[in-house]
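Thanks for making the time this morning. Could everyone please bring the sequence and the structure up on the screen, so that we can walk through a few regions together?

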Amino acid sequence: MTDHQTVQYYRDRAREYEAIYHRDDPVRQKELADEADRLRTLAKGRRVLEFACGSGWWTRIMSETAESIVAVDLSKEMLQIAASKSFGCPVDLIESDMTLYNAPPASFGLIALGFWFSHQPRENYDDFFEMIRRPLAPDGRIWMIDNNPFEDDPLHEHTRFDQHGNNFKTRRLNDGREYEILKNYFTEQELRGCFVPRFNLDRLTFGTYYWSVALRCNCS
Ligand SMILES: C[S@@+](CC[C@H](N)C(=O)[O-])C[C@H]1O[C@@H](n2cnc3c(N)ncnc32)[C@H](O)[C@@H]1O
């Protein structure tokens, strides 16, 4: 379950959310474009389950090559923006808390999560990894992208750490409203430490602004 403030933050931010994809920075744009290419390849011909799909930025990219997509988010405001997009394959947008969404087991070729892992409380990693492992088909893949701290400043607008080591920071909307949001950052080694014991790590890309992974089930 996501805490109330984070839920409200994303509902309130929906209309300005995609500004993160339009920053005037060639390095960011190149990293995002390269990731979009990798994701199109990964999604090709697969049935995709996307958790926390937001406004559908990555949904649209995957839809260019995927067979079909089920995309889940709990924000009605985000899903309305997603619904206004043109998709290249059938896309089912579902308003639900992803932890409560009852996905059929072992039935999706790709589980996708854009910019979610950084918001996942550390103390719930076991439940989180079970949530993304369960619906994965035996030959399926998991894809994630998330932020690296910019300007070498992991504690930018940092407010506190909690007892589990989760980092909290202040986020401000264009109209000045402020929210305290859980946002964790990771070194490359920490990411390997999260994923390698639980999955086969096909790829880890650790860029200036973003990291991304492609994982496979390590089930026998
Ligand atoms: C950082 S945004 C990422 C959106 C999108 N995946 C992207 O990469 O552009 C996080 C999203 O998670 C959604 N969210 C937060 N908690 C959730 C939950 N428990 N179940 C489903 N969606 C959730 C928010 O509504 C928001 O759209």
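I will go through a sheet, a pair of parallel strands, the nonpolar cores and one arginine.

Please keep in mind that this is a predicted model, in which local features need pLDDT of at least 70 and side-chain atom pairs count only at pLDDT 80 or more, while totals for chains, interfaces and linings use all residues. Residues are numbered from 1 along each chain as its sequence is written, and side-chain values use heavy atoms, with hydrogens and water left out.

Let me begin with the open sheet, whose 3 strands come in the order β6-β7-β8 with antiparallel pairing; strands here are DSSP runs of E with at least two residues, helices are runs of H or I with at least four, both numbered from the N terminus, and two strands pair if DSSP finds at least two bridges between them. At the edges are β6 (158–161) and β8 (178–182), each pairing on one side only, and the twist averages 30° from one strand to the next. Between β6 and β7 (residues 167–172) there are 3 bridges, and Phe-161 stands opposite Asn-167 in β7. Helix α1 (residues 4–13) packs on this sheet, touching β7 and β8, and its direction makes about 120° with that of β8; contact means heavy atoms within 4.5 Å, and the angles, on a scale from 0 to 180 degrees, are taken between N-to-C directions of lines fitted to C-alpha atoms, for helices over the stretch in contact.

Elsewhere, strands β2 (residues 68–73) and β3 (residues 91–95) run parallel and are joined by 5 bridges, with Val-70 partnered by Asp-92 in β3.

Turning to the interior, which residues touch the most other members of the largest nonpolar core? In that core of 33 residues they are Val-48, Trp-58, Met-62, Leu-110 and Trp-143, and helix α2 (residues 26–43) gives the most to it, with 5 residues. Such a core is a set of buried Ala, Val, Leu, Ile, Met, Phe, Trp, Tyr and Cys residues joined through side-chain atoms within 4.5 Å. Apart from it lies another core, of 31 residues, including Leu-191 and Leu-204.

Finally, Arg-133, in helix α5 (residues 125–133), is partly exposed, because its relative accessible area is 24%, where buried means under 20%, exposed over 50% and partly exposed in between, using a 1.4 Å probe and protein chains only. Leaving aside residues up to four places away in sequence, Arg-133 touches Arg-198, Phe-199, Cys-217 and Asn-218.
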